[in-house]
Each structure stands twice: as C-alpha cells, then as structure tokens.
Amino acid sequence: MSNTGLYHDTAPGLTAAGKTMAVRADTAASCFEEQERPTTPDEMKRFRKTFTGKPGMRIQHWGSEPDPAPRPGEFVFGVKGEKGQGVGDLLGGHLEPTSMQAYQQMRAEAVYATSKKEPLGVSLDRKYQWPDTVKGDPKFRFGLQGAEVPEKAIDAIFPPEAPSLNVTMEQIEMYKKSHGAFEPGEQRNRKYTWHKVNGGIDPASYAFGASAEIDYRNGVAKAINPSLEYDSSCKPTEFMPKSVADFKKVRADDLGTVRNLGLGQHPVEQTHCYGMPSKRFNDWGARECMMGNYTPDEQAPDPDLGRSLRRGCAPEEIMVSERTFGVPNVRSDIRPPKHPSVADAKNYGMEPGAKALLYPQPFATRGVYEEDFLVGRPKPELMDIALSSGLADSENQFEDLYRSAQEAYGAAEDDQLSVESIRQALYAATLQP
C-alpha cells in the first residue's frame with residue numbers, strides 16, 4: 001500500500017523529497033494501539049504461572065493436570081439438608097410476639113405431653129390416690145415432727161462435748177511437732193537450748209543483733225540535706241582556691257536546682273517554667289466534648305422559634321403573646337377525608353408508628369391487623385373464619401368453643417363475638433387435662 005490518493009500535491013512541478021513509507025507503518029497512532037498477543041498453546045498452558053493463579057481454579061501440579069478428575073465436576077461434599085427456617089425467622093425470635101404468634105406457639109406446644117402434665121405456672125399433678133385421712137386433714141404434713149426444742153446445726157455437726165475434742169497437752173504438743181498445728185497468734189517455739197548460750201540468756205528480754213559503735217541517726221535526711229551534719233545546720237566556711245570553687249560550681253549537681261552550664265544568670269523569675277504550654281487557647285477537652293460546657297444563654301432556644309420577629313407583619317398584641325405560628329405535623333385538628341388520596345402527604349393521626357414500621361404485624365401484608373381480631377362478627381362469619389384458618393376442625397368443635405366464649409365474656413345469644421374470643425376459648429380448652 002502506498003500514499004497514492006491520500007494526499008493532494010499542491011506543487012506538482014516540484015520533485016518530491018524524502019522517502020515514501022507504507023500507510024500507518026510507523027505512525028504515532030500505531031504506537032498507542034496495543035496489538036493482540038499470540039496465545040499460549042493449550043499443551044503449554046499448564047507450565048505457566050498465570051495458569052495456576054486464576055481465580056476460582058484449584059491449584060494442582062502441572063504433571064497431574066492432564067490426568068482425569070477423580071470426581072465429576074458437579075460433585076459436592078456433605079449432605080444436602082432440607083429447607084427449614086429462614087434467616088429472618090431465626091433473627092426475629094427475640095422480638096415481642098404478637099397475639100397470633102403467641103397462639104401459634106401455644107398450638108405448637110400443645111402436642112407435647114409435658115404441656116398437659118406440667119403446665120406453666122401450675123404444680124405437677126401425678127394423679128395420686130391419697131387416702132381420706134390425707135385429703136380430709138388440711139393440716140396434714142409429710143415427714144416426722146421434730147423435737148419441741150430445736151437443735152442448732154453447728155451443735156449437730158460439731159458437738160461441744162464430743163470425745164474427740166477432749167485432748168491432752170501431750171497430744172497438742174505432738175500435733176505441733178508432726179503437723180505444725182499451732183494455734184492462731186501463737187509464737188512458734190523451736191525448743192532452743194538458750195541456757196547453754198553465753199551462760200544462759202532469756203529470749204524474752206535479750207536484744208539480738210550487733211550494736212553500732214557510733215550512734216548515727218537521721219542518715220537519709222543528712223544524705224539529702226548535707227547541712228544537717230553540723231550542729232549549726234550550716235556547713236562551715238572552707239577556704240580553697242577560686243579555680244577549685246569555680247570548677248565545683250560548674251561540675252557539681254545541686255539538689256533541687258538545674259545544673260550550672262556557665263551561661264550566666266538568666267533574667268527570669270524564680271517561678272519561671274521553660275517550654276510551651278500544652279493548652280494555648282481555651283479549647284475543649286474530652287470532658288467538655290462528652291458533657292458539654294454551654295452557657296445558659298447558649299442553651300436557650302432561638303428567639304424566633306415559633307414566632308416572627310418582624311415588626312409590622314402582625315398586630316402588636318399577637319407579637320407579645322405566647323401564640324405559636326405554623327401548623328402541627330400531625331393534623332389532628334382537621335377532619336380526615338373519607339377516601340384519602342395517594343398524593344395527600346398529610347398525617348391525620350392514623351399513620352402507623354415507628355414500632356409498626358420496624359416490627360410489622362404478621363398479616364399486615366394481607367391487609368389484616370390486630371384490630372380486626374377484636375371486631376364483633378356474626379356467628380356464621382365466625383364459623384367460616386374458624387374453619388378456614390384451622391381454629392376449629394369441625395362445626396361441633398366450633399359450637400363448643402362458641403358456647404365457652406359466651407360463658408367467659410357473659411355474652412347473650414344475640415351478641416356478637418370476635419375472633420379473639422374464639423382463640424381464647426380454644427386456649428382455655430387446651431389447658432384443661
């Protein structure tokens with residue numbers, strides 16, 4: 001390929017200079033274009049490091065790579081489990097159960113024999129056939145009646161007149177020698193022969209140790225303050241050459257003062273402290289950040305909170321009154337519409353609270369709330385709900401539950417009952433033995 005037809009010659013009478021090259025053979029654009037690299041042959045890939053480092057690939061020796069796999073590719077270790085409760089059910093067990101959840105838990109626990117034999121809050125009834133003497137006497141007690149004068153437990157465990165407590169002095173000394181059983185606060189006596197030492201000494205009055213030849217007292221205080229060595233509490237005058245005194249003044253370390261570096265006397269006060277203070281400004285520390293350090297004026301509300309400070313926009317008697325302007329967030333001051341619109345953003349006090357949003361009711365997605373269980377309904381409608389939801393297995397069982405609910409709530413024949421009353425009657429029936 002040549003440059004023929006790609007460029008227009010503006011001077012055809014002049015001979016072209018230079019050398020003609022192939023199009024895009026060595027241009028700047030071709031230098032920035034990445035050419036496709038040749039691929040590695042399949043029989044050579046297993047020897048490259050990039051082949052063993054691929055994500056999700058099991059690393060094995062290149063020599064065993066062409067060998068057939070010992071297991072099929074879809075093989076999975078372990079036992080396949082059955083689908084049970086989800087993560088939401090396991091994590092939601094600590095939430096406060098609703099009335100429906102409590103009823104479902106009661107129905108689930110009713111199948112166990114312990115729920116009927118040992119109900120919660122009731123003592124265990126083993127169905128014993130007690131004789132009439134036991135059942136007829138309200139003061140009957142099991143066991144044997146004790147003595148009229150009660151005996152202390154310490155006297156029963158450690159009787160004061162036990163033969164084992166009557167020991168002799170010979171036995172006491174023997175236990176001191178064999179077991180080291182000295183009494184509390186008793187000095188140990190090692191039976192030293194003091195009468196054979198220095199013609200006999202009394203250990204109760206003898207002072208052991210060596211006595212100092214010189215009565216030297218207040219050694220620590222004199223080491224810190226050498227002036228206490230002298231009776232006048234002042235070191236006597238000592239004559240020495242000035243060069244020696246100057247050398248001691250520079251080389252010696254005086255107690256409680258900085259070392260003399262030969263820089264002369266600084267024109268600072270005696271209480272001067274060198275360095276830069278760590279707190280240069282009135283900044284808050286950790287205590288102020290956690291507890292606060294606001295003044296009463298800073299803690300007061302803004303003067304324009306709930307009212308206007310602009311003069312002339314309202315009568316003067318309103319400006320100086322305690323009247324609060326604006327409308328409340330919950331519009332309980334107006335009547336809610338019968339059919340609210342989806343575009344109506346006002347809250348008329350009928351919206352669910354934060355708890356209902358965080359912990360929605362089990363049947364809220366179906367449009368059934370806890371208030372619906374408390375609404376009175378006709379008997380045919382209640383029978384339909386009970387048979388459809390499983391509260392009652394048959395119409396005869398529903399009739400028994402309906403009569404029990406009427407007796408429990410004192411309802412007349414023409415009074416309407418709720419679903420909750422039927423549930424309570426069923427719960428009371430399951431607790432009966």
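Helix axes are taken here as lines fitted to C-alpha atoms over the stretch in contact, with angles between N-to-C directions running from 0 to 180 degrees. The model analysed is a predicted one. On this basis, helix H4 (residues 99–109) and helix H17 (residues 419–431) pack at about 25 degrees, and their axes lie 11 Å apart. Because angles under 35 degrees count as roughly parallel, H4 is classed as roughly parallel to H17. The crossing of H4 past H17 is left-handed. On the H4 side, the contact involves Ser-99, Met-100, Tyr-103, Met-106 and Arg-107, which meet Glu-420, Arg-423, Leu-426, Tyr-427 and Thr-430 of H17. Five nonpolar, two polar and three charged residues make up this contact of H4 with H17.

Helix H17 also packs with H16. For this pair the angle is about 100 degrees and the axes are 8 Å apart. Since the range from 65 to 115 degrees counts as roughly perpendicular, H16 is assigned as roughly perpendicular to H17. H16 contributes Gln-397, Phe-398, Leu-401, Tyr-402, Ser-404, Ala-405 and Tyr-409, while H17 contributes Ser-421, Ile-422, Gln-424, Ala-425 and Leu-426. The contact of H16 with H17 comprises eight nonpolar and four polar residues, with no charged residues. Leu-426 of H17 thus appears in the contact with H16 and also in that with H4.

A further contact of H16 is made with H15. The axes of helix H15 (residues 379–389) and helix H16 (residues 395–409) come within 10 Å and cross at roughly 120 degrees. This angle makes H15 oblique to H16, and the crossing of the two helices is right-handed. Lys-379, Leu-382, Met-383, Ala-386 and Leu-387 of H15 meet Glu-395, Phe-398, Glu-399 and Tyr-402 of H16. By class, six nonpolar and three charged residues form the contact of H15 with H16, and no polar residues take part. Phe-398 and Tyr-402 of H16 meet H15 and also belong to the contact with H17.

Enclosed and open spaces were examined next. The model holds two cavities of 30 Å³ or more. The second largest cavity has a volume of about 50 Å³. Its lining consists of Thr-98, Ser-99, Met-100, Gln-361, Pro-362, Phe-363, Val-368, Tyr-369, Glu-370 and Phe-373. Six of the residues lining the second largest cavity are nonpolar, three are polar and one is charged. Ser-99 and Met-100, which line this cavity, are also among the H4 residues that meet H17.

Among the pockets, the second largest contains about 710 Å³ of space. This pocket is lined by 19 residues, of which Val-258, Gly-264, Gln-265, His-266 and Tyr-274 are the closest to its centre. The lining of the second largest pocket is made up of six nonpolar, nine polar and four charged residues.

Terms used:
Residues are numbered from 1 along each chain as its sequence is written. This is a predicted model: local features need pLDDT of at least 70, side-chain atom pairs count only at pLDDT 80 or more; totals for chains, interfaces and linings use all residues. Side-chain values use heavy atoms; hydrogens and water are left out. On a 1 Å grid over the protein atoms alone, a cavity is a set of points where a 1.4 Å probe fits but cannot get out, and a pocket is an open set with protein on both sides within 12 Å along at least five of seven lines; lining residues have an atom within 4 Å of a point. Grid points are joined across faces, edges and corners, and a volume is the space filled by probe spheres set on the points. Ala, Val, Leu, Ile, Met, Phe, Trp, Tyr, Cys and Pro count as nonpolar, Asp, Glu, Lys and Arg as charged, and the others, Gly among them, as polar. Helices (H or I, at least four residues) and strands (E, at least two) are DSSP runs, numbered from the N terminus. Angles under 35 degrees count as roughly parallel, over 145 as roughly antiparallel, 65 to 115 as roughly perpendicular and the rest as oblique. A crossing is left-handed if the near helix is turned anticlockwise from the far one by less than a right angle, and right-handed if clockwise. Contact means heavy atoms within 4.5 Å.
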